[in-house]
Amino acid sequence: MIRLIRKRAAQLSLHPSRLSRPYLVILVLLLLGYPYSSSAYLCGTPHLSNPKFAIDATDVPQQLFPPGNRTAPALPAAPALPIGTERTFFAPDFRSMQQYTVSAVLRGVGSFCYVFVEEAEWNTRVTARTVQTMIRAFDATTPANPQQGIYPTLTKFFGAPPDIDENGRVILLLLNIQDARGADRYTAGFFNPADQQRGLLRNPGFRGFPIRSNEAEMLYIDTQPLNPNSERAHSVIAHEFQHLLNWRHDSREVTWVDEGCATYAAFLCGYSLQEHIAAFERMPSVSLVTWPDGNADSLPHYGAAFLWMLYLHEQYGGIGTLIEIVQNRGTSLTGISDALASRGVTQTISDIFIEWKLANYLSEYRAVRLSLTPRRWHYSYPSGAQRGQLSNFSADYIGFRDAEGLTLGFSSSSPASSAVHAIEFHNTGNIDIKEIKLSAGNAGSLVLASTATEVLLVPSLHMESINLQAHDSTYQYSATRGAHITFITAALPNPVHPRYWDIIAESAEPLVGLTPTVTLKLSDSKTERLYREAQPMYLITQDSQDNRLYRFSFLLEPEIEPKSMIYQVSLDSISVGTGSLIYLADK
C-alpha cells in the first residue's frame, strides 16, 4: 500500500467541500476563451469531412495529399504587398459544406503578418484600430511579455512556421466565418492544412467537391460573434498559430496532443484559459486521449489536454519537454513517451497519469488553481453496491463525507490497467494518499482511518495500446461503516459425499472488494484449537448481479467428529457468523 502523507492543507487552501490530430479531411477548428454557457459550441472537430473520405491520422501526409494530387506548380516568392491589396480567398461554408470565395483587402502589414479583412466586415466589426491592435499582439506584445508578441514568443521555442508562399509572413484573414451557428454556437477560428498544398486538391474533397488551396500560411479568425477587438481574439490567434507550427513538425499528430500543445501556447503567451479549466473542473472524468465528434461538448477535453501539458511542463522538464513533444515525430502517447525519454524521464506514461489524476484534485500546480467537482458525494452508509464506467485514460472522483472508519470496497473489470486510490482528508489537517491494491480476483478494500473526515475514491484506467480509444472498463464500489454488514450462515453436508461440507454465508447487501473468510476450529469440552486458518469464501455465481451468497467447501477427515468442528465467518477480520457442523448434520 502506498501511503504518502502530505502536510500541505494550509498551503493548498483547498477543501473537498469547495470542491488523431485527425484533421480528417482538411480542417481543424478551435473555440477559445468564451463564457461557458453551453455545450453546443463547435470546438476542434472538422465539420467539412465526409465519412467517405475519413482517413487515419497516422496516414495523413500520404493519403490527404497523395502524389499527383497537386495541379499547380510552385510559385515564385511573393513580393511585399502594399496596404490596399485586394485578394480573393477560398473559405469553407459550414452550412453548405462547400467552399466559397471571400473578397478581402489588406488593411495592415506587420513584421510577421499580413492582416486581410473581408470587405463586408470593414468599418463594421473591424476598424483600423482593430487591425493595429491585432498586429501589435502578433508582433510585439502579449500579456506574458509586453516586449514580445505571439510570433516571436512561440517561434523562439517551437521554431519558424513553414513558408509555402515565401513571403516571410502569416496571413491573418478576418472574416465572418459561415457556420451553422445559433445564439450559443459558432466557430472562432481555424487553421486549414489544405493551404499548405498547391492548386486544386481533387482527392480527398468534401461531398465530392475538390478543395482549392490558398497556398499560404494563414489563419482564419472570426468576426461575428467573436469580438475581433478583444483579447480573446488574440488568444485564438496564438492557439491557431501553434497549430501551424505543429503541422510543420508533425502533420500526423493526433487531435488531443495537438490541441493540448496549442492551448498551452495560448497560456505561454499569457492569455486566459479559465473557461477550459472550469469546464474540466465540472467534468473531470473525460478521457485524456479521445476527442469528441460532432456537437459533443469539447471544452472539458481542451481543459484536460492543457492541464496534462502544463503538468508535464511543471513536473517533467519545463518548456524543453513541450518543445520535444511538438518536434517529436511520434504520435499520441508514443510521441510523448519518446519526448520524455529524451529528457531523461524514466517513469511510464501510466505512472505519470496516476500522479496527474491525483494532482488535479489536490490542485498541485504552480500556475493554476483547480477545484474539481466529484461525480457523486455519499453521506450515509452502507452505500450499497455502486457502479461506474471509465474510458481509457480517464479517472472518476467519488466523495465520501463523515468518512471516519469507513471500509471502501472496489472491483474492476480491467485490473491489469486499473488503479484506484483514496485521498484522505484528516481532521488533523493532513492529507494521505493510499492505493487500493487489487487482487487476482479484481477486487480490493481499504479501511479508512478514524481521523478521516472526507475521502475521495479515485479509480482510473490506462491501457497503453495501439488503439487507445477502443478500451473502457466497468467498476463497482461500496462504502460500509467498518464491517457492520449482517450475515446469515449455515453448514451443509454434501448430499453425495457426506464427509464434504459447505459453509454458506449470505450477506445482507452486496460486497464490493470485500471477501468473507472462514476459520475452522476443533473443540471439546475443555479446549479449542485451530484446525484451518482463515480461507477466502467464493462468490456463488447467480443470474442476478446482486450476488450475496458465498461458499467454502472442505473435506472432513473420518477421524474427526462433525460435532467437534466450529466455523467462524469473518469480514475484515471481524466475526460476522459462527456455528457448528453437528447442528445440521443431525437434522
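## Exercises on a predicted model

Pro225 sits in the loop between strand S10 (218–222) and H5; helices (H or I, at least four residues) and strands (E, at least two) are DSSP runs, numbered from the N terminus. The model is predicted, so local features need pLDDT of at least 70 and side-chain atom pairs count only at pLDDT 80 or more, while totals for chains, interfaces and linings use all residues. Residues are numbered from 1 along each chain as its sequence is written, and side-chain values use heavy atoms, with hydrogens and water left out.

### Exercise 1: Two proline bonds

Find which residues are joined to Pro225 and Pro382 by a cis peptide bond.

*Solution.* Step one: begin at Pro225. A cis peptide bond joins Gln224 to Pro225, with omega at about 5 degrees.

Step two: move on to Pro382, in the loop between strand S11 (376–378) and strand S12 (386–391). Here the cis bond is with Tyr381, and omega is about 5 degrees.

### Exercise 2: The surroundings of H4

Work out which residues of helix H4 are buried and what they pack against.

*Solution.* Step one: fix the term. Buried means under 20% relative accessible area, exposed over 50%, and partly exposed in between (1.4 Å probe, protein chains only).

Step two: apply it to H4, which spans residues 150–158. Seven of its nine residues are buried, and the helix is mostly covered. The buried residues are Ile150, Tyr151, Pro152, Thr153, Leu154, Thr155 and Phe158.

Step three: look for the neighbours, where contact means heavy atoms within 4.5 Å. The buried residues of H4 pack against four helices and a strand: H3 (128–139), H5 (231–249), H6 (255–268), H9 (319–327) and strand S6 (170–175).

Step four: follow the chain onwards. Just after H4, Gly159 has a positive phi of about 90 degrees.

### Exercise 3: H5, its span and its cover

Compare the span of H5 with the expected one, then say why H5 counts as largely enclosed.

*Solution.* Step one: take the span. H5 has 19 residues and reaches 28 Å from its first C-alpha to its last. The expected span is 1.5 Å times one less than the number of residues, and for H5 the 28 Å is close to the expected 27 Å.

Step two: check burial. Because 16 of the 19 residues of H5 are buried, the helix is largely enclosed by the rest of the structure.

### Exercise 4: Salt bridges

Find which acidic residue Arg232, Arg401 and Lys521 each meet in a salt bridge.

*Solution.* Step one: set the criterion. A salt bridge is a side-chain nitrogen of Lys or Arg within 4 Å of a carboxyl oxygen of Asp or Glu. The whole structure holds eight of them.

Step two: Arg232 meets Glu275 at 3.7 Å, N to O. Since Arg232 lies in helix H5 and Glu275 in helix H7 (residues 274–282), the pair ties together parts that are 43 residues apart in sequence. Arg232 is partly exposed at 36% relative accessibility, whereas Glu275 is buried at 16%.

Step three: Arg401 pairs with Glu454, their closest N and O atoms being 3.0 Å apart. This pair also links distant parts of the chain, 53 residues apart: Arg401 is in strand S14 (residues 398–401) and Glu454 in strand S19 (residues 452–461). Arg401 is buried at 16% relative accessible area, and Glu454 is buried at 9%.

Step four: Lys521 meets Glu528 at 3.6 Å, N to O. Lys521 is partly exposed at 25%, and so is Glu528, at 47%.

### Exercise 5: Strands and their partners

Identify the bridge partners of Ser523 and Ile503, and give the order of the four-stranded open sheet.

*Solution.* Step one: two strands pair if DSSP finds at least two bridges between them. Strand S23 (residues 517–523) and strand S24 (residues 528–536) pair antiparallel over six bridges. A hairpin of four residues connects S23 to S24, and Ser523 has Glu528 as its bridge partner in S24.

Step two: go to the open sheet. Its order is S21-S22-S26-S25, with antiparallel pairing. The edge strands, S21 (487–493) and S25 (538–539), each pair on one side only.

Step three: look inside that sheet. Strand S22 (residues 500–507) and strand S26 (residues 549–555) run antiparallel and are joined by seven bridges; Ile503 has Phe552 as its partner in S26.
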